[in-house]
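Visitor: I have a structure open here and don't know my way around. Can you walk me through it?

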Amino acid sequence: MEETEEKTIELEEGMECVQKGLNKLKIIIEGEPESFTSDEYVMLYTTIYNMCTQKAPHDYSQQLYDKYKEAVEDYILTIVLPSLNKKHDEFLLKELEKRWASHKLMVKWLLKFFRYLDKFFIKRAEVPALNEVGLSCFRDLVYHDVKNRVTDAVIALIDQEREGEKIDRVLLKSVINLYIDMGKGRMDYYVNDFEEAMLRDSACHYSRKASTWIVEDSCPEYMLKAEECLQKEKDRVSHYLHSSTETKLLEKMQNQVLITYTNQLLEKEDSGCQALLKDEKVEDLTRMYSLFHKFPKGIELVAEIFKQHVAAEGMVVVQQAADVANNKTESSGGSHEQDFVKKAFELHDKYMVYVKGCFADNSIFHKALKEAFEVFCNKSVAGSSTAELLASYCDNTLKKGGSEQLSDEVIEDTLEKVVKLVTYISDKDVFAEFYRKKLSRRLLFDRSANEEHERLILSKLKQQCGGQFTSKMEGMVTDLSLVKDNQTHFQEYISNNPATNPGIDMTVTVLTTGFWPSYKSCDLSLPVEMAKGVESFKEFYQKKTKHRKLTWIFSLGQCNLNGKFEQKTIELILGTYQAAALLLFNASDKWSYADIKTELNLADDDLVRVLASVSCAKYKILNKEPSSRTVSLTDHFEFNSQFTDKMRRIRVPLPPVDDRKKMVEEVGKDRRYAIDACLVRIMKAKKVLTHQQLILECVEQLSKMFKPDVKAIK
């Protein structure tokens, strides 16, 4: 066979063919209605392929590589740059968009023709890829030449849009993406050549706007504009800026519009935060929080204004209660004390809605609300402390026949609110003492409406203030729950021992000394009927528990007597002291004050109250000589057989004793013990402390229950 050799393509001949193809490509790129035929395409590709695969010295790969770069540069210098230099502003951007698209198309075609070169020669010669060469040519020759003009044109368009003009966002996005393309995905060119200048311009724009708005607009109007601008800037980012710009752009805008004018805006006299709170502008307050919540300076100022406003509202409530008390009138729904607590609840509910709604449940505003309530909840209200008023309000809610008939849900909600207010008062021990006193009355005189509610509020108080706070009260409730079992065992004892039967129905309530308030006990000389009952119970209890001592508190007892009057028999519900006094008149119709005192062995202050309740008050079961409204030590008393009443069963109340002063003294005494115990506890744990550290530690520990007096600690 005869071998045939392929004809070697010489450099000059090959380059002439390549140049011819490149010239036609330029014409096509420029939009002329021409295209490569199949033959032309194959011819050009084959020529380049053959020139790269010929054996040395006819391998022209390097010359073709240089030709590729020369072709790109030639196109840029002869066509692209002249066309760009003729254009300005938006027209420049449109031309750049067009030329960048044409450039990418040209490189795409060239890569097809020079494919073999790109695939094999690049790796062998360790030179940049053809695609990278194309990008470098455009970047070095076009981008660096026009970037400043382009950036100015882009910023000008953004400013036009900010002023309300409609712009070509698609064009902007395309041009802005060019900055990113130049960095092959890296953000250096975008940040350095465009973003920094755009952010500076944005800051200047909003600085000008804000300086005008702060003078001309009210706070709500200003915030509306700020919110609108904020949204529009976010919109710009989503449409044509890079997502990484959003945080920086919003920061620039917020710095100029919000941070610079924070105090001036929020403290505007007739429309600032204070005015919005006063006028209950919920929507505006929500917007205010939305705008300022990321800036500590702004949000702290809003919280401080909120705190001052709530505290001022609270002081108004305190003053109103004082005015009502001074005028000795009652507002609808109860006394001034009840009214004050209800208004405090309403105030708390109202501003808790603000905290949870307008201020997104932010802890700063919870703290502000707490501090505001602490301001007025620790003021004296018409001579009484808030601790006393809350204890009275609880008593009114939990006792039978309170001021209102409330459903279980409402009572539970009310108790929750009471406990919340208790956390705001500094003298929690005062509340505990007054509450315990009133709880004891409800339990002992069967005035508690619902044991579940009693336990519920104790569990809530325990949760908020700790187990030590409620331990005594829980013990009181437990004592009363054991009464029924105790009474059953006593009845069984009497049934088994008929000789011990006192002949009267008798119920004994056994209280644990440490749990209950301290009561005055006296050695009352009981009537025979009662004395036998007491002895019977003593015997029963000694057999049941040998190591416990009973102390009888007759002042808390209750007696039902049948009073046989001429017109009818009336059942009298009395205290033990009252019953003992009246039973004397079974032996004689007439007694002197001195004889009654001797017979009963009662102190004067107790006896005066007892005799006044049955001779000077509503029910005159005894006639007094001389007839007057007060009892004196020389008076004489006689059974009033003519007494009658339309009811067949009446309760004869004792005049109330104002033991408030005594309770306050007891609290003071307990505080001294608490300080002593706290000091010992701290020193046991720490061993060595400076005087100042010891005082600070002691104050910190005790402040959970009361605000300790530093002098007392010293």
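Guide: We can go through domains, salt bridges, one helix with its strands, and the nonpolar cores. Keep in mind that this is a predicted model.

Visitor: Fine. Which domains does the assignment give?

Guide: The domain assignment of the protein chain gives domain 1 (11-185), domain 2 (481-544), domain 3 (557-657) and domain 4 (660-712).

Visitor: How far apart are domain 1 and domain 3?

Guide: Their C-alpha centres lie 119 Å apart.

Visitor: Salt bridges next. How many are there in the whole structure?

Guide: A search finds 41. One of them joins D201 and R162, with the closest N and O atoms 3.9 Å apart.

Visitor: Where do D201 and R162 lie?

Guide: D201 is in helix α8 (residues 188-216) and R162 is in helix α6 (residues 130-162), so the pair ties together parts that are 39 residues apart in sequence.

Visitor: And is R162 buried or exposed?

Guide: R162 is buried, because its relative accessible area is 11% and the cut-off for buried is under 20%.

Visitor: What does R169 pair with?

Guide: R169 meets D235 in a salt bridge, at 3.3 Å from N to O. R169 belongs to helix α7 (residues 169-182) and D235 to helix α9 (residues 219-239), and the two are 66 residues apart. R169 counts as partly exposed at 22% relative accessibility, and D235 counts as partly exposed at 27%.

Visitor: Which residues are linked with R169 and D235 in a network of salt bridges?

Guide: The network links D159, E161, R162, R169, D201, E233, D235 and R236. Both pairs we just went through, D201 with R162 and R169 with D235, have their residues in that network.

Visitor: What about D446, what does that one bridge to?

Guide: D446 forms a salt bridge with K400, the closest N and O atoms being 3.4 Å apart. D446 sits in the loop between α19 (428-444) and α20 (451-465), and K400 in the loop between α17 (386-398) and α18 (408-424), so this salt bridge ties together parts 46 residues apart in sequence.

Visitor: How accessible are D446 and K400?

Guide: D446 is exposed, with a relative accessible area of 53%. K400 counts as partly exposed, at 44%.

Visitor: Change of topic. How many residues does helix α26 have?

Guide: Helix α26 (residues 604-615) has 12 residues. From its first C-alpha to its last it reaches 16 Å, close to the 16 Å expected at 1.5 Å a residue.

Visitor: What do its buried residues pack against?

Guide: The buried residues of α26 include D606, L607, V610 and L611. The buried residues of this helix pack against α24 (576-583), α25 (593-600), β4 (622-625) and β5 (636-639).

Visitor: Which strands pair with β5?

Guide: Strand β3 (residues 590-592) pairs with β5 in the antiparallel sense over 3 bridges, and K590 stands opposite E638 in β5. β4 also pairs with β5 in the antiparallel sense, over 4 bridges. There, L622 stands opposite F639 in β5.

Visitor: Last thing. How many residues are in the largest nonpolar core?

Guide: It has 87 residues, and those with the most contacts inside it are V257, M288, F306, F365, F373, F431 and Y435. Helix α14 (residues 296-327) gives the largest share of this core, 11 residues.

Visitor: What does V257 touch?

Guide: Not counting residues up to four places away in sequence, V257 touches Y206, A210, W213, Y222 and A226. Apart from the largest core lies another, of 66 residues, among them V80, L96, F114 and V154.

How values were computed. Residues numbered from 1 in each chain as written. Predicted model: local features only at pLDDT ≥ 70, side-chain atom pairs only at ≥ 80, totals over all residues. Heavy atoms only, no water. Domains from an automatic or database assignment. Salt bridge = Lys/Arg side-chain N within 4 Å of Asp/Glu carboxyl O. Buried < 20%, exposed > 50% of the residue type's maximum accessible area, 1.4 Å probe, protein only. Expected span 1.5 Å × (residues − 1). Contact = heavy atoms within 4.5 Å. Pairing = 2+ DSSP bridges. Core = buried A, V, L, I, M, F, W, Y, C linked by side-chain atoms within 4.5 Å.
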